[in-house]
Structures are given as structure tokens and as C-alpha cells.
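Trainee: Could we go through this structure together? I would like to begin with the aromatic rings and then move on to other topics.

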Amino acid sequence: MLFRSIYAGIAAAQWRTMNKTYGEIRMQTIAASEAAGAAKSAAVTADNSLKQAFRPRIALTSPRASITDGKLSLGLQAVNYGTTSARNIVWQQATELGVPEKLYRLRYKPSKGILETSYPKEIPPGNVVTSPSPIDLGFYADKNLLQQQIDELVSEKVWATFSVLVTYEDDFGLTHHAETCVQSCGKAGGMRWRYCPWSARND
């Protein structure tokens, strides 16, 4: 009987020790898991911060709407406010005439012609000590306007929508976009314009 009591006491003590040890191991495992999760989160944050700090940022500025040689035209300045070059640039444009209340976001077509062959494929960053140097660009609609369409633009019966989209990559291979969209009417050389009412794509 005494032997059984001693054995039971030893077994109980061993069980308490094992239970305590298991609890300590479990707490260590949880702590290690939390530490690993925090380290991973910190690494992701650092990686994102690096990619945001060292990336190009193209802006399309100073729009100038007009009619050139019978075509709708839009002059722009492309500026890279970022810290690295914008690479593998693809330029796209879209134009449309319509009454103001029925104007809508345009759908871009694949780049072709001079947009594909003559426009810059890379834009370096500006001089961050002073200011970025803009690149002047001119965009032209594919088709000539009919005289009736010109007259309707002058009388403001219709407005022209001219939209330009730039797709480019950074040094990490990530894709970004810069877009501007302008609506205009009036005479060539003196057209009044406004930005399109929908949000431009800039990321």
C-alpha cells in the first residue's frame, strides 16, 4: 500500500513537471511564431518602402488642346518626378467627339504608328537638386475632322475628348500608369478646355 502511495506521488510529480514543461514549450512556440510573423511583416514593409522610394513617377502635365492640320491635337509635357528611369514605355491615345452630356471614358487601342516608333521608350528621372526637365510631346487624332465637325466644335455644340495613357516599368519590373484626359471646344489656336470628369489612372 505504501509502495503504491509513493508511486502515485512520483507519477503525480512527473505529470506536473511534464505539464509545466509542455506549457513552457507551447509558450516558446507561440512567441517564436509571433516573432517570425513580425519579422516577415517588417521585411514586407521594408521591401515596399524600398520600391516606393526607388521608382519612376511620370506625370502628364500642361495640356494644350488644338486643331492641327485638320486633326485634333493635344500637347503635353511628360515629367519623371521619381528617382529612377521609367522603362519599356508604351504610349496610347483615344479621341472622340460628342455632346457634353454624353461624353464618356474612352477605350484605348493598341499602340501603333508614331506612338510606337517615335515616342520615348525611357524617361530618366529629373534633377532632384533643381527640378525635373519636362519632355514636350504632341499627340494627334488618327483622322481629319470634317468641316461640319470643326463648325460644331467652334459653336460648342460638341466637345472633343482626348485621352493619353502611359504604361511603364520600374527597375523591379513592376508596372505603373500615368494618364491625362482633356475635353475641349472652340477655334483652333484658342480652344477652351477642361479635365475630363472621371478619375485619371495614375499609380
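**Aromatic pairs and strand pairing**

Mentor: The count comes to four aromatic pairs, where rings of Phe, Tyr and Trp (its six-membered ring) pair if their centres lie within 6.5 Å; planes under 30 degrees apart count as stacked, over 60 as edge-to-face and the rest as tilted. One of them is formed by Trp 91 and Tyr 119, a tilted pair with 6.0 Å from centre to centre and 55 degrees between the planes.

Trainee: What kind of model is this, and which thresholds apply to it?

Mentor: This is a predicted model, in which local features need pLDDT of at least 70 and side-chain atom pairs count only at pLDDT 80 or more, while totals for chains, interfaces and linings use all residues. Residues are numbered from 1 along each chain as its sequence is written, and side-chain values use heavy atoms, with hydrogens and water left out.

Trainee: Back to the rings. Where do Trp 91 and Tyr 119 lie?

Mentor: Trp 91 lies in strand S3 and Tyr 119 in the loop between helix H2 (114-117) and S4, so the pair ties together parts that are 28 residues apart in sequence. Helices (H or I, at least four residues) and strands (E, at least two) are DSSP runs, numbered from the N terminus.

Trainee: Is Trp 91 buried or exposed?

Mentor: Trp 91 counts as buried, at 0% relative accessibility. Buried means under 20% relative accessible area, exposed over 50%, and partly exposed in between (1.4 Å probe, protein chains only). Tyr 119 is buried as well, at 9%.

Trainee: How is the pair of Trp 91 and Phe 139 arranged?

Mentor: Their ring centres are 5.9 Å apart and the planes stand at 45 degrees, so this pair is tilted. Trp 91 in strand S3 and Phe 139 in strand S4 are 48 residues apart, and the pair thus links distant parts of the chain. Phe 139 is buried, with a relative accessibility of 0%. Through ring pairs, Trp 91, Tyr 119 and Phe 139 are linked into a cluster.

Trainee: Staying in strand S3, what does Gln 93 touch?

Mentor: Gln 93, which is found in strand S3 (residues 87-98), touches residues including Tyr 108, Leu 115, Phe 139, Tyr 140 and Phe 162, not counting residues up to four places away in sequence. Contact means heavy atoms within 4.5 Å. The side chain of Gln 93 also reaches the backbone oxygen of Tyr 140 at 2.6 Å. Gln 93 is buried, at 14% relative accessibility.

Trainee: Now the sheet. What is the strand order?

Mentor: The order is S1-S2-S4 in an open sheet of three strands with antiparallel pairing; two strands pair if DSSP finds at least two bridges between them. Strand S1 (58-68) and strand S4 (135-140) stand at the edges, each with a single partner strand, so one side of each is left without a neighbour in the sheet. On average, neighbouring strands of this sheet are turned by 25 degrees against each other, direction ignored.

Trainee: How many bridges join S1 to S2?

Mentor: Nine bridges join S1 to strand S2 (residues 71-80), and the two run antiparallel. Among the bridge partners in S2, Val 79 belongs to Ala 59, and Gln 77 to Thr 61. S1 and S2 form a hairpin with two residues between them, and Asp 69 in the turn has a positive phi of about 55 degrees.

Trainee: Which value does phi of Ser 62 take?

Mentor: Phi of Ser 62 is near 50 degrees, a positive value in a residue other than glycine. Most residues other than glycine have a negative phi. Ser 62 has its place in strand S1 and is partly exposed, at 37% relative accessibility.

Trainee: And where is Glu 156 found?

Mentor: Glu 156 is found in the loop between helix H3 (147-154) and strand S5 (159-169). Its phi is near 65 degrees, again a positive value in a residue other than glycine. Glu 156 is partly exposed, with a relative accessible area of 33%.

Trainee: Finally, the whole chain: how many helices and strands are there?

Mentor: The secondary structure comes to three helices and seven strands, and from the N terminus on the elements run α-β-β-β-α-β-α-β-β-β. Buried residues make up 33% of the 203 residues. Of the contacts with a separation of 6 or more, 64% are between residues 24 or more positions apart.

How values were computed:
Axes fitted to C-alpha atoms, helices over the stretch in contact; angles between N-to-C directions. Polar contact = N/O pair within 3.5 Å; in protein donor to acceptor, adjacent residues only side chain to side chain.
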